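The following paragraphs walk through a structure, from a single residue to strands, helices, a cavity and the contact between chains. Please keep the sequence and the model in view while reading.

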Amino acid sequence: MAFFEKIVPESFCREFVEFRGDAHQIVMYMSLVLGIKPLLDDWIPAGRLDEYVSLCRSYGLHVKADALHCSVDPRALPEDVVGKEYITSTSALGFPLNTEAGGNVHVFVSKEKELLGRGMWYPVIVRNRMIEQPRIDILKYGEVLGYPSCCVRFFRHYNNWSRYNFLGEIHSRTAGSPHYYCNPFTKDAVYSYIYHMPCSYRCEATISLVGRLRSEIQKREPAFVDAIDRHLALPFLVFFERRFYAFEGFIDNDRLYYSKVHFPDSWRPGKVYLEMLESGNNLHISGDTVHIFRGRRAVARIGPEMRENEFERPFLLQFGRH
Amino acid sequence: MEQEFFEITGFLPGPRLTNALAEKELRKDRLFQSLANLVFDSPEILHLLKSRVGSWLEEEFSERTQALAGYIAYLDEDYHRAASSFMTAVTMNPANLDSWLDLAFSLYHLSDPMGYAIIFNYDVFITLYREMEIKQCCRESLEKIEAEMLERGLELSQNPGAFLPQQKL
């Protein structure tokens with residue numbers, strides 16, 4: 001099987017993929033059903049909520065519908081929306097559940113009914129005003145979702161793109177070789193066991209969490225696990241948040257040899273270096289510059305002058321199985 | 001109170017400002033956020049705050065101390081107590097949107113539908129509270145406002161079109 005193709009489990013939780021039309025969060029649904037992940041949230045087309053609730057019930061999951069969200073282009077919003085300056089490209093209008101406005105229902109899902117009350121309001125525009133949840137709800141939510149507390153606290157301090165290269169900070173705190181259970185780079189491409197950012201690419205709590213999850217999924221879906229494992233063990237070139245690439249190849253003596261490049265993230269602007277990388281078949285990093293070669297011939301370079309910001313610095317990662 | 005609070009947190013609580021709807025500000029209060037960051041990073045501080053808040057309430061009966069008591073209860077995940085404190089804060093200053101939303105999110109965590117009612121209709125609640133000359137924010141008065149809102153057709157689900165921009169994705 002080629003890399004980064006559409007993946008569907010044979011049977012376990014397959015209905016979630018069929019319902020959605022894609023495998024987004026499928027491993028997290030598996031984790032939920034297995035009783036490992038306490039809670040997740042998702043967005044379901046308003047007209048299909050009953051069908052979704054039935055599907056969840058068939059797996060022993062409880063659902064709480066939170067609010068109706070209607071995606072909106074920020075440019076279409078009136079100028080006088082309070083808090084408009086904080087709106088990102090993924091903004092939405094919020095309505096009560098019984099509103100005839102289309103859109104998607106924000107839902108919380110859990111195996112434990114009492115955990116549904118710990119779901120977090122998602123910032124949306126209500127009546128021309130951004131309504132945000134209290135700060136403490138955001139800070140605590142990682143643990144509600146089942147992320148290791150060490151990773152939640154690390155995220156709180158270093159997930160600040162204007163001050164840190166968050167992925168680089170994780171790298172600098174990785175003692176020993178990166179473990180493939182802690183690979184977060186393919187989570188948007190489904191091929192991942194985690195949906196959080198680890199505090200180290202060898203985080204012990206993450207390795208323990210994933211060890212349990214992977215073992216349970218493997219009993220039910222061995223081919224699915226094999227496919228994920230293959231992807232997690234690929235070498236990666238990382239520049240900055242959402243600007244990283246996976247390679248079919250290997251790293252030898254700090255040089256990456258490759259036959260194909262993949263951009264596994266969903267944020268399209270991050271693809272900016274893809275064409276240059278595709279022009280070569282091996283590369284190495286010198287200082288803050290990536291030198292790209294085809295054989296021995298230099299074909300491109302990605303230097304500091306091309307950076308998005310001062311924190312963008314390239315590094316190579318190879319996740320191992322031990 | 002000021003000195004004790006400063007000794008525990010390293011910052012002053014500051015005055016309680018009114019976030020009036022007409023001013024079109026997202027939030028005026030900064031204390032809740034500062035306390036959230038502090039307590040998340042140093043959970044032991046919450047115990048100190050909880051041990052002192054009773055005497056601060058006795059010392060100063062004000063919207064400011066009621067809101068502070070609400071924040072401490074909310075950080076402690078005692079949402080019943082938080083809601084009660086925020087109701088008192090609303091009673092003392094019903095024009096302050098910050099208190100209304102703090103109350104709404106306390107009720108939200110209790111899975112109380114009134115939390116959603118306030119979140120989606122915060123401006124209607126503030127306006128009707130004044131128009132109906134309500135003297136005390138409590139469960140009963142909130143239900144009266146909700147009934148009046150539905151009677152007048154002011155609830156958000158009854159007229160979503162007013163808030164849907166022309167270009168919807």
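**A buried proline and its surroundings**

With a relative accessibility of 11%, A:P178 counts as buried, where buried means under 20% relative accessible area, exposed over 50% and partly exposed in between (1.4 Å probe, protein chains only). The model is a predicted one, in which local features need pLDDT of at least 70 and side-chain atom pairs count only at pLDDT 80 or more, while totals for chains, interfaces and linings use all residues. Residues are numbered from 1 along each chain as its sequence is written, chains are lettered from A and ligands numbered from 1 in the order in which they are written, and side-chain values use heavy atoms, with hydrogens and water left out.

A:P178 sits in the loop of chain A that links α6 (166-172) to α7 (204-220); helices (H or I, at least four residues) and strands (E, at least two) are DSSP runs, numbered from the N terminus. Leaving aside residues up to four places away in sequence, A:P178 touches A:Y201, A:L317, A:Q318, A:F319 and A:G320, contact being heavy atoms within 4.5 Å. Of these, A:Y201 is 23 residues from A:P178 in sequence, and their C-alpha atoms are 4.8 Å apart.

The strands of chain A come next. Strand β2 (residues 62-71) pairs with strand β4 (residues 104-110) in the antiparallel sense, over seven bridges; two strands count as paired if DSSP finds at least two bridges between them. Along this pairing, A:V63 is opposite A:V109 and A:A67 is opposite A:H106. β2(A) also runs antiparallel to strand β3 (residues 92-95) of chain A, to which four bridges join it. Here A:L68 has A:F95 as its bridge partner, and A:S71 stands opposite A:A92. From β3(A), A:A92 and A:G94 point one way and A:L93 and A:F95 the other way, and all are buried.

β4(A) has a further partner in strand β1 (residues 40-45) of chain A, joined to it by six bridges in an antiparallel arrangement. In that pairing A:W43 stands opposite A:H106, the residue that also faces A:A67 of the β2(A) pairing. β4(A) is mostly covered, with six of its seven residues buried.

Helix α8 (residues 222-232) of chain A has A:F224, A:V225, A:A227, A:I228, A:D229, A:H231 and A:L232 among its buried residues. The buried residues of α8(A) pack against α2, α7 and β7 (235-240) of chain A. The loop between β7 and β8 (243-252) of chain A holds A:R242. A:R242 has a positive phi of about 65° although it is not a glycine, and with a relative accessible area of 26% A:R242 is partly exposed.

How many cavities of 30 Å³ or more does a search of the whole structure find? The search finds four. For this search, a 1 Å grid is laid over the protein atoms alone; a cavity is a set of points where a 1.4 Å probe fits but cannot get out, and lining residues have an atom within 4 Å of a point. Grid points are joined across faces, edges and corners, and a volume is the space filled by probe spheres set on the points. The largest cavity has a volume of about 120 Å³. Its lining is made of 15 residues, of which A:M28, A:S31, A:K37, A:G146 and A:L209 lie nearest its centre. Two elements of chain A, α2 (26-33) and α7, give two or more residues each to this lining, and α7(A) gives the largest share, three residues. The lining divides into 11 nonpolar residues, three polar and one charged, with Ala, Val, Leu, Ile, Met, Phe, Trp, Tyr, Cys and Pro counted as nonpolar, Asp, Glu, Lys and Arg as charged, and the others, Gly among them, as polar.

The contact between the chains takes 45 residues from chain A and 39 residues from chain B. The area buried between them is about 3,800 Å², and carbon and sulfur atoms give 60% of it; buried area is the accessible area (1.4 Å probe) that two parts lose on being put together, summed over both. On the chain B side, B:L26, B:F40 and B:F120 lose the most area to chain A, together 20% of what that side buries.

In chain B, the loop between α1 (2-9) and α2 (31-41) contains B:K24, a residue other than glycine whose phi is positive, near 55°. α2(B) is mostly covered, with eight of its 11 residues buried, including B:L31, B:F32 and B:F40. The buried residues of α2(B) pack against α4 (135-144) and α5 (149-158) of chain A, together with α1, α3 (44-59), α4 (63-75) and α6 (97-109) of chain B.

Notes: On a 1 Å grid over the protein atoms alone, a cavity is a set of points where a 1.4 Å probe fits but cannot get out, and a pocket is an open set with protein on both sides within 12 Å along at least five of seven lines; lining residues have an atom within 4 Å of a point.
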